[in-house]
Amino acid sequence: MTPLDPIVLFFILGLVAGVLRSELRLPPAIYEGLTILLLIAIGLKGGIELAKQPFAELVVPVFSVMLMGFLLPLVAYPVLLYVGRFKRPDAASIAAHYGSVSVGTFAVAVAYLASLDISFESYMPLMVVILEVPAILVGIILARGISRETRWGKLSHEVLLGKGVVLLVGGMLIGWVAGPKGVEPLAPLFFDLFKAILALFLLEMGLVAASQISSLRRYGLFLVGFGILFPLFSAVVGGLLGLMLGMSTGGIMMLATLAASGSYIAVPAAMRLTVPEANPTLSISVSLGVTFPFNILVGIPLYLQLANLLHGPGG
Amino acid sequence: MAPEDDTAMSIDTRKLVTIITESALEHSLADDFERLGAHGYTITNARGKGHRGVRDADWSTSSNIRVEVVCDAAVADAIVGYLREHYYANYAMILFMCDVDVVRPEKF
């Protein structure tokens with residue numbers, strides 16, 4: 001996938017149309033439908049592959065990746081607090097966004113590796129799920145300590161039964177149970193059309209990203225710098241972890257991408273409910289307006305080069 | 001109008017509480033209303049502009065809901081007090097109230 005891959009061009013189209021204030025918008029229900037299709041497709045594919053793998057081999061990767069999810073926001077927090085001079089709840093909330101993941105970025109990375117014919121570890125979709133949660137917990141604790149005011153039961157319901165987790169895990173289980181033969185009739189929609197669905201999704205994401213740019217102007221250069229430099233740091237951490245876990249080049253690249261991506265769906269919703277004093281515009285504008293476009297346009301090819309560097313190409 | 005309709009239909013006054021706030025609060029508010037004694041509520045999506053800026057429903061964090069609750073005065077007071085204490089400081093929220101005539105008061 002060169003930078004001129006059509007799905008990236010669709011993203012650029014969305015960005016440009018948004019910056020020029022075009023009236024173009026996908027209807028919210030269609031955007032919602034596209035994310036559902038992407039989540040199921042990623043889950044199904046992971047589940048089919050997962051069936052071929054001994055379960056015990058997953059234990060070490062799952063726990064190490066979870067640990068990474070706890071640690072990344074702990075690194076981001078002091079940088080935001082002391083260098084960025086953000087208020088405590090804001091620093092904690094932004095840190096939580098960067099410890100968590102973006103499924104959209106993951107989907108583009110999947111398409112990118114597929115176009116280059118590079119395979120990656122089949123359990124990666126599981127890692128998306130694993131990384132979604134720890135950062136939220138760290139963010140809440142950083143913002144307000146272990147407070148009794150936090151309604152943990154309600155929060156865990158909201159997070160664990162959110163659309164993302166349910167569809168990814170559900171898709172994986174269905175793929176796992178049904179196997180490749182069983183899923184075959186579904187392939188035309190979920191697998192053959194994957195890139196077309198992704199193209200439409202990215203068109204809308206371009207429009208949304210462009211709409212965040214005006215609020216970024218208000219918050220200044222530090223946030224823009226953070227939105228680019230912190231993902232680069234996280235990508236190196238993710239890549240090194242992948243190397244230590246003995247992953248393939250594709251796997252290292254995917255883990256670097258996951259580490260580098262920032263959440264814009266699950267974490268904003270959770271933070272709004274549990275850390276209401278944090279300004280939601282800050283974190284969403286840097287995650288959607290800076291990091292997401294950076295990862296799509298520059299980051300993903302860069303993370304493959306990083307993986308090549310760490311592992312040697314093709315392996 | 002037939003005489004039996006007159007006896008069946010009693011018109012009564014209740015409070016209509018309308019709240020416009022962030023859609024992130026939908027589930028918490030639903031729980032709160034139930035606990036405070038409201039028998040029902042209606043939620044619709046909303047867009048608009050207030051002192052926290054334009055809320056255009058562009059993205060989930062900038063979408064609004066409009067919640068309407070019809071209840072008696074005591075429950076309305078409880079709702080107003082609770083929302084003021086728990087949400088006013090940190091969330092975009094406005095609330096207003098008016099009297100409404102209802103035909104089946106036992107529903108509210």
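Between which two helices of chain A does the loop that holds Arg21(A) lie? In this predicted model, Arg21(A) sits in the loop between α1 (6-19) and α2 (28-50) of chain A.

**Figure 1. Close-up of Arg21(A), a residue with a positive phi.** Most residues other than glycine have a negative phi. Arg21(A) is not a glycine, yet its phi is about 60°. The residue is exposed, with a relative accessible area of 72%.

**Figure 2. Close-up of Asp117(A), in the loop between α5 (103-115) and α6 (124-132) of chain A.** Asp117(A) is also a residue other than glycine with a positive phi, near 65°. Its relative accessibility is 72%, and it counts as exposed.

**Figure 3. Helices α8 and α13 of chain A, the elements with the lowest and the highest mean pLDDT in that chain.** Helix α8 (residues 152-160) has a mean pLDDT of 78, and helix α13 (residues 249-260) has 97. For chain A the mean is 90, and 97% of its residues reach 70 or more. Where pLDDT is low, the predicted coordinates should not be read in detail.

**Figure 4. The contact between chain A and chain B, with 17 residues from chain A and twelve from chain B.** About 1,300 Å² is buried between the two chains, and carbon and sulfur atoms give 52% of this area. Three residue pairs are in polar contact across the interface. On the side of chain A that touches chain B, α8, α11 (194-219), α14 (266-274) and α15 (280-311) each supply at least two residues. This side has ten nonpolar, one polar and six charged residues.

**Figure 5. Close-up of the salt bridge between Arg272(A) and Glu22(B).** The closest N and O atoms of this pair are 2.6 Å apart. The count of salt bridges between chain A and chain B is one.

How values were computed. Residues are numbered from 1 along each chain as its sequence is written. Chains are lettered from A and ligands numbered from 1 in the order in which they are written. This is a predicted model: local features need pLDDT of at least 70, side-chain atom pairs count only at pLDDT 80 or more; totals for chains, interfaces and linings use all residues. Side-chain values use heavy atoms; hydrogens and water are left out. Helices (H or I, at least four residues) and strands (E, at least two) are DSSP runs, numbered from the N terminus. Buried means under 20% relative accessible area, exposed over 50%, partly exposed in between (1.4 Å probe, protein chains only). pLDDT is the predictor's confidence in each residue, from 0 to 100. Contact means heavy atoms within 4.5 Å. Buried area is the accessible area (1.4 Å probe) that two parts lose on being put together, summed over both. A salt bridge is a side-chain nitrogen of Lys or Arg within 4 Å of a carboxyl oxygen of Asp or Glu. A polar contact is a pair of N or O atoms within 3.5 Å; within protein, one must be able to donate a hydrogen and the other to accept it, and residues adjacent in sequence count only if both atoms are side-chain atoms. Ala, Val, Leu, Ile, Met, Phe, Trp, Tyr, Cys and Pro count as nonpolar, Asp, Glu, Lys and Arg as charged, and the others, Gly among them, as polar.
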